[in-house]
Amino acid sequence: MLTWPPPQIPQLPGRGEQVRVHDSSTGRTVVAASGPRATLYACGITPYDATHLGHAATYVAFDLLVRAWRDAGLTVRYASNVTDVDDPLLERAQATGVDWQELARDQVALFTEDMTALGVVPPDSWRGVVESVGDVVAAVERLLTAGLAYRVPTPEADGGTELGDVYADVAADPRFGSVAGLDDATMRALSAERGGDPERPGKRHPLDPLLWRRERHGEPAWDGGSLGRGRPGWHIECTVIARDALGESFDVEGGGSDLLFPHHEMSTSHARGLGGHGGAVHVHAGMVGLHGEKMSKSRGNLVLVSALRAQGVDPMAVRLAVLAHHYRSDWEWTDEVLSEAQARLERWRRALSGNGGPDATGVLAGVRAAVADDLDAPRALAVVDAWVEQAFVLAAQPGAVLVEGAPGVVARTIDALLGVRM
Ligand code: 5CA
Ligand code: ZN
């Protein structure tokens with residue numbers, strides 16, 4: 001897929017610190033990539049009801065990681081996907097009477113506009129499932145041959161075939177469970193809630209995830225070689241797309257915290273089955289809520305970035321609203337969150353509009369230290385706020401000594417590291 005245009009990132013003097021991120025699997029903060037290369041896979045959207053503030057916050061979080069890695073001198077390769085065929089997308093298309101491909105296309109276009117407006121660095125490799133079906137088929141065939149997957153006959157009502165759907169055998173992976181570290185009951189509950197089918201008859205284990213779904217009446221399907229016509233399961237899609245772009249092992253697999261289980265547990269397990277280890281470190285963004293509940297397409301409690309843009313809200317205010325929260329925390333989108341961000345943007349713009357200001361060397365070091373420390377954007381904002389306050393104090397003092405060019409240093413720092421353009 002064609003990505004959106006990359007933002008221009010100014011070069012900063014010197015080098016950023018080694019970047020440390022929180023690994024959901026161990027609870028430890030670690031250096032995920034020590035260089036010279038850093039590889040990231042961040043799960044992409046399922047293209048309907050995009051881009052809500054939860055999506056925006058998650059992609060801004062990984063954008064901070066890419067910027068911090070680059071500032072530390074690493075060569076970053078970033079890959080992502082688009083889940084352009086999946087049950088929820090097909091259900092939405094059916095419910096609203098639109099063609100599923102058209103729905104996906106329109107929503108992907110909207111998403112790229114939102115990401116551009118928010119100044120999010122695009123992935124270097126961006127692939128949809130539809131483009132990846134052949135690679136998924138090859139991967140599922142390999143897992144079957146290796147004895148890590150098995151067939152479950154499709155129900156009579158669906159035209160029952162012996163070939164059947166294909167499921168991964170979680171019991172065949174001794175390291176299954178190591179990504180999320182959850183107990184069995186929690187895994188079952190989350191599987192049922194997040195796209196799994198623990199009740200499906202004929203499976204060896206309730207948690208076994210779908211790899212290949214045989215064609216059903218009225219559903220899109222592709223040639224599946226020895227698997228028969230059908231379509232990919234969800235987790236294997238990300239395994240295959242990540243592997244294709246980044247190789248069999250890469251540094252960080254990320255997404256919102258709702259992807260920790262089952263999605264990242266399963267995609268990593270499939271990656272091990274194919275050789276390699278998939279993502280070494282798992283990084284998750286917290287959930288953005290609205291009116292006390294997780295913002296989600298299925299609940300319909302959404303604030304869309306495109307709607308805010310249409311109302312004339314400056315995308316940089318949206319970005320600042322997101323950055324005011326640590327990426328790992330769960331937080332609520334409210335009108336106050338937005339108005340505080342708008343006020344901050346306004347203050348920053350005023351302070352940065354002059355030629356001179358307070359010395360800014362500490363701002364660059366402070367913002368660098370904050371983002372390198374598990375992407376601590378709120379701390380970075382506080383560093384800039386302090387400089388801005390100082391600028392107002394100096395501006396009110398007749399005869400105060402101003403450092404020529406200091407606002408430019410601050411502007412380049414927040415542009416390069418926080419993606420905030422004045
Ligand atoms: N296509 C799959 C991943 S392969 C998917 O989860 N798509 S999504 O459109 O539902 O979500 C896209 C990204 O936004 C995921 O990383 C997801 O974890 C994140 N996300 C979804 N809802 C929220 C929310 N309320 N707050 C923060 N992040 C969210
Ligand atoms: Zn994914």
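Which element gives the most residues to the shell around ligand 1? The answer is α1, which contributes four residues. Keep that helix in mind as we walk through this structure, which is a predicted model.

**Around the ligand**

Let's begin with the neighbours of ligand 1. In total, 24 residues surround it, and the closest are G44, T58, T83, D258 and K297. By character, the residues of this shell divide into nine nonpolar, 12 polar and three charged.

Some of these neighbours place an N or O atom close to an atom of the ligand. The table sets out three such pairs.

| Residue and its atom | Ligand 1 atom | Distance |
|---|---|---|
| G44, backbone N or O | nitrogen | 2.8 Å |
| T46, polar side-chain atom | nitrogen | 2.9 Å |
| D258, side-chain N or O | oxygen | 2.5 Å |

How much of the ligand does the protein bury? Taken alone, ligand 1 exposes 600 Å², and the protein buries 95% of that. Three elements each give two or more residues to the shell: α1 (53-71), α6 (234-246) and β10 (249-256).

**Two domains**

Now let's step back and look at the protein as a whole. Its domain assignment gives domain 1, covering residues 20-290, and domain 2, covering residues 335-422. Measured out over C-alpha atoms, the centres of these two domains are separated by 38 Å. Where they touch, 14 residues of domain 1 and 13 residues of domain 2 take part in the contact.

Putting the two domains together buries about 1,000 Å² between them, and carbon and sulfur atoms give 51% of this area. On the domain 1 side, L64, R67 and D71 lose the most area to domain 2; together they make up 48% of what that side buries. Look back at the range of α1, residues 53-71, and you can find these three positions, L64, R67 and D71, in it.

**Backbone details to look for**

A few spots in the chain deserve a friendly second glance. A cis peptide bond joins A50 and T51, with omega at about -5 degrees. T51 sits in the loop between β3 (37-42) and α1.

Where is the other cis bond described here? It runs from F261 to P262, and its omega is near 0 degrees. P262 belongs to helix α7, which spans residues 260-273.

Finally, turn to H291, a residue other than glycine whose phi is positive, near 55 degrees. You will find H291 in the loop between β12 (288-290) and β13 (293-294).

Methods
Residues numbered from 1 in each chain as written. Chains lettered and ligands numbered in written order. Predicted model: local features only at pLDDT ≥ 70, side-chain atom pairs only at ≥ 80, totals over all residues. Heavy atoms only, no water. Near = heavy atom within 4 Å. Polar contact = N/O pair within 3.5 Å; in protein donor to acceptor, adjacent residues only side chain to side chain. Areas by Shrake-Rupley, 256 points an atom, 1.4 Å probe, with all protein chains shown as cover. Nonpolar A, V, L, I, M, F, W, Y, C, P; charged D, E, K, R; others polar. Domains from an automatic or database assignment. Contact = heavy atoms within 4.5 Å. Buried area = accessible area lost by both parts, 1.4 Å probe.
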